[in-house]
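User: Please take a close look at a single part of this model. I would like one connected account of the open sheet and what packs on it.

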Amino acid sequence: MQNLIKRIIGISVIVLLIVLAFKYCQFKKDDDSDIQYNTNLIQQQILNVGKLVVTEGHFSEVITYKNQQKYFMDMISFEKKALVVVNANVTVAYDLHKMKYDIDEKNKTITILNIPKEEITINPDIQFYDVEQSKLNPFTGDDYNKINKSVKANLAKKIENSTLKTNAQNRLISELSKILIMTNSMGWKLEYNGKTIESETELTQDLNSKL
């Protein structure tokens, strides 16, 4: 009788261990499944954010171009000049397809490794008015190259002094904040520039120090 009881107890213990092992494996499987689901969700969100963020602006300016050719010990000169009207469309873009990041599933951390620099494109439309020239000092391709170079340099200064780049950075931060919101809601962390980002304000400060 005692042997029978011992056998029953032994079988019961074995069955209990099998059940516990099964439950543990099932729990582990569910846990791994959750991690994989969260990782896929995060990757999809980053893919959605990974797009071309473009801010557009328009600039105009009027310049007077002059050039003088002198002959006979500067006693005779031939001048050419023109009124140059410039209308330019400018874009400041961040291609977030080029953003580099790392996903650490174990520590539930997303680390932004690199954010691409802005790409500034200037497309000027240059019109010439009141053109004055002579056969001894005509307009040439070199003049147009000089004018084009001067126009783009002036426009670059205007862009720096405008709000165009700031507006583009704000749009960039808005897109990256979507990743921050998602990570916080899922219990993950977002790291950038060697620190954990807790809020959009911190993200803004760190981005401004790098951009």
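Analyst: The account below starts with the sheet, then turns to the helices, the core and some backbone angles.

This is a predicted model, in which local features need pLDDT of at least 70, side-chain atom pairs count only at pLDDT 80 or more, and totals for chains, interfaces and linings use all residues. Residues are numbered from 1 along each chain as its sequence is written, and side-chain values use heavy atoms, with hydrogens and water left out.

Four strands make up an open sheet. Their order is 3-4-6-7, and the pairing is mixed. Helices (H or I, at least four residues) and strands (E, at least two) are DSSP runs, numbered from the N terminus. Two strands count as paired if DSSP finds at least two bridges between them. Strand 3 (100-104) and strand 7 (195-197) are the edge strands, each pairing on one side only. On average, neighbouring strands of this sheet are turned by 30° against each other, direction ignored. Axes here are lines fitted to C-alpha atoms, for helices over the stretch in contact, and angles run from 0 to 180 degrees between N-to-C directions.

Take the end of the sheet at strand 7. Strand 6 (residues 189-192) pairs with strand 7 in the antiparallel sense, over three bridges. Tyrosine 192 has lysine 195, in strand 7, as its bridge partner. Asparagine 193 sits in the loop between strand 6 and strand 7. Asparagine 193 has a positive phi of about 60° although it is not a glycine. Most residues other than glycine have a negative phi. At 35% relative accessibility, asparagine 193 is partly exposed. Buried means under 20% relative accessible area, exposed over 50%, and partly exposed in between (1.4 Å probe, protein chains only).

Now the helices. Helix 3 (residues 164-185) packs on the sheet and touches strand 4 (109-114), strand 6 and strand 7. Contact means heavy atoms within 4.5 Å. The direction of helix 3 makes about 140° with that of strand 6. Helix 4 (residues 200-210) lies across strand 6 and strand 7, at about 130° to strand 7.

Helix 4 has two contrasting sides. Its buried residues are Leu203, Asp206 and Leu207. Seen down the axis of helix 4, they fall within an arc of 100°, so they line one face. That arc is taken from the directions from the helix axis to the C-beta atoms. On the other side, Thr201, Gln205 and Ser209 are exposed. The cover over the buried residues of helix 4 includes helix 3, strand 6 and strand 7.

Helix 3 also holds glutamine 169, which is buried at a relative accessible area of 17%. Glutamine 169 is 38 residues from leucine 207 in sequence, yet their C-alpha atoms are 8.5 Å apart.

Next, the core. The largest nonpolar core has 40 residues. Such a core is a set of buried Ala, Val, Leu, Ile, Met, Phe, Trp, Tyr and Cys residues joined through side-chain atoms within 4.5 Å. Ile42, Leu176 and Ile179 have the most contacts inside this core. Elements giving two or more residues to the core include strand 4, helix 3, strand 6 and helix 4. Helix 3 gives the most, with eight residues. Leaving aside neighbours within four places in sequence, leucine 176 is in contact with Met99, Ile115, Leu203 and Leu207.

One further backbone angle lies in strand 5 (residues 119-132), at aspartate 130. Phi of aspartate 130 is near 50°, positive in a residue other than glycine. Aspartate 130 is exposed, with a relative accessible area of 59%.
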